[in-house]
Amino acid sequence: MTVIDHAPATAPVSEPVLGTGIFDVDIHPVPKEGLIAGYLPERWRKHIAEYGVRTTNGLSTVTEYPQMFGGAMRNDAWPTDGTYPGSSLDLIREQLLDPYGITIGVLQCLAPGGQTLNPASQALDPRLAHVLTQAINDWQLEHIVYPEPRLRASAPVAFEAADLAIKEIERIGSNPGVVSLLGLSKTLEPLGSRRYWPIYEAAVAHDLPIQFHLSQGGGHANTGTGWTSYHTEYHVGHTQSLQSQMLSLILTGTFDRFPELKVMFVEGNVLHFAPLAERLDYHWKNLRSEVPDLQRKPSEYIKDHIWVSTQPIDEPENPHHLAEMIEEFCPDNVVFASDYPHFDFDSPETVFPAEFPDELKQKIFRDNGLTFFGLDG
């Protein structure tokens, strides 16, 4: 494998042309074999070659159960040169940006690619997590964001090492090609923990919201009651982590401490949050003496602080119920996510039923995303 050294990306980024198109908050690029190594110091190239990358999932070349057949990618997303789906900017344009009129797409680069299959930010050595996330950020800026003005980066950071995460935020946080920070739904502690507060402080200081993508790992079983026996059991219960994180962020008073903080839960469905918010309010009325410092009813924090993405979109038997439950939950806080190039990609043309209200569709396709990323003026 040939390694080409790269300097940190410093090219200018033009202001996004907002137009009237769709805002897609979940696009997964993957570096081609060997590219990330070119952004790593020689010391860490040798370390990975000799020892690999051990993450909260185990070794970097394996994933926790269940394995993702074909990388969970669309069959037609594999480039003809044999590289990995998400590695070809031309295919991203051809299969997503151009046909669907995507005005702005936000990159969610979860792994360095090649033999490193697990998220870089989950590396157990915090120094390695730091250099890997730095490399990913420089790669996605140089190879995707700078050549394509419709794309912007969500920047992963070493979330379990706040001091290193802050260094990376200070390094790239003012780059106009970066519109958010990228975290994962499985963390060593709930997101309301004080260990993460310095990261939130730095994010707010740089006017960067945080996207938390559904994930494996985190050093915990994949459900709240232990390891699952079946893929279906795992897939259905996967969203438990996002529910727990929402409760933690609200009840710990994190949003009272950081009133400008905005977070988004990516790729975890939408409708299950509605009854959770209702249940939270109900129990808070009886148990509020335990959290007397909360300044508002728990569900009221959602409107100002928590957004969720559509993918994979819920499909109730009665299609009218989809819009009704989104309206009940928080219609201004749901955003569109295609999840390209994964197999369960949601096309903007078919994601909503025919009966879905046009006004609500406009909010989800565009307006809510602009608000979350601070591009609505």
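## Helices α3, α4 and α5 beside a parallel sheet

In this predicted model, strands β6 and β7 run parallel and are joined by 4 bridges. One pairing to look at here is Leu182, which stands opposite Gln211 in β7. Zooming out, β6 and β7 belong to an open sheet of 8 strands, paired in parallel and ordered β1-β4-β5-β6-β7-β8-β9-β10. The edges are β1 (22-27) and β10 (334-335), each of which pairs on one side only.

Now for the helices. Two packed helices are described by the angle between their axes and the distance between the axes. Here are the two pairs that involve α4:

| Helix pair | Angle between axes | Axis distance |
|---|---|---|
| α4 (162-172) and α5 (197-205) | about 10 degrees | 9 Å |
| α3 (126-145) and α4 | roughly 20 degrees | within 10 Å |

Take α4 and α5, at about 10 degrees. Angles under 35 degrees count as roughly parallel, and α4 and α5 are therefore roughly parallel to each other. On the α4 side, the contact uses Ala162, Ala165, Ile166 and Ile169; α5 brings Pro198, Ile199, Ala202 and Ala203. Sorted by class, that's 8 nonpolar residues, with no polar and no charged ones. As a reminder on spacing, an α-helix has 3.6 residues a turn, so residues three or four places apart point the same way.

Which residues of α5 are buried? They are Trp197, Ile199, Tyr200, Ala202 and Ala203. And what covers them? The cover includes α4, along with strands β6 (178-184) and β7 (210-213) and helices α7 (240-251) and α8 (254-257). So the two strands joined by those 4 bridges turn up again as part of the cover over α5. After α5 comes Asp207, which has a positive phi, near 55 degrees.

Next, α3 and α4. Their axes cross at roughly 20 degrees, and that makes α3 roughly parallel to α4. The crossing is right-handed. From α3, the contact takes in Pro126, Arg127, His130, Thr133, Gln134, Asn137 and Asp138, while α4 supplies Leu164, Lys167, Glu168, Arg171 and Ile172. What does this contact of α3 with α4 have by class? There are 3 nonpolar, 4 polar and 5 charged residues.

Put the two contacts of α4 side by side: with α5 there are 8 nonpolar residues and no charged ones, whereas with α3 the list has 5 charged residues and 3 nonpolar ones.

Notes:
Residues numbered from 1 in each chain as written. Predicted model: local features only at pLDDT ≥ 70, side-chain atom pairs only at ≥ 80, totals over all residues. Heavy atoms only, no water. Axes fitted to C-alpha atoms, helices over the stretch in contact; angles between N-to-C directions. Parallel < 35°, antiparallel > 145°, perpendicular 65-115°, else oblique. Contact = heavy atoms within 4.5 Å. Nonpolar A, V, L, I, M, F, W, Y, C, P; charged D, E, K, R; others polar. Buried < 20%, exposed > 50% of the residue type's maximum accessible area, 1.4 Å probe, protein only. Pairing = 2+ DSSP bridges. Left-handed = near helix turned anticlockwise from the far one by under 90°.
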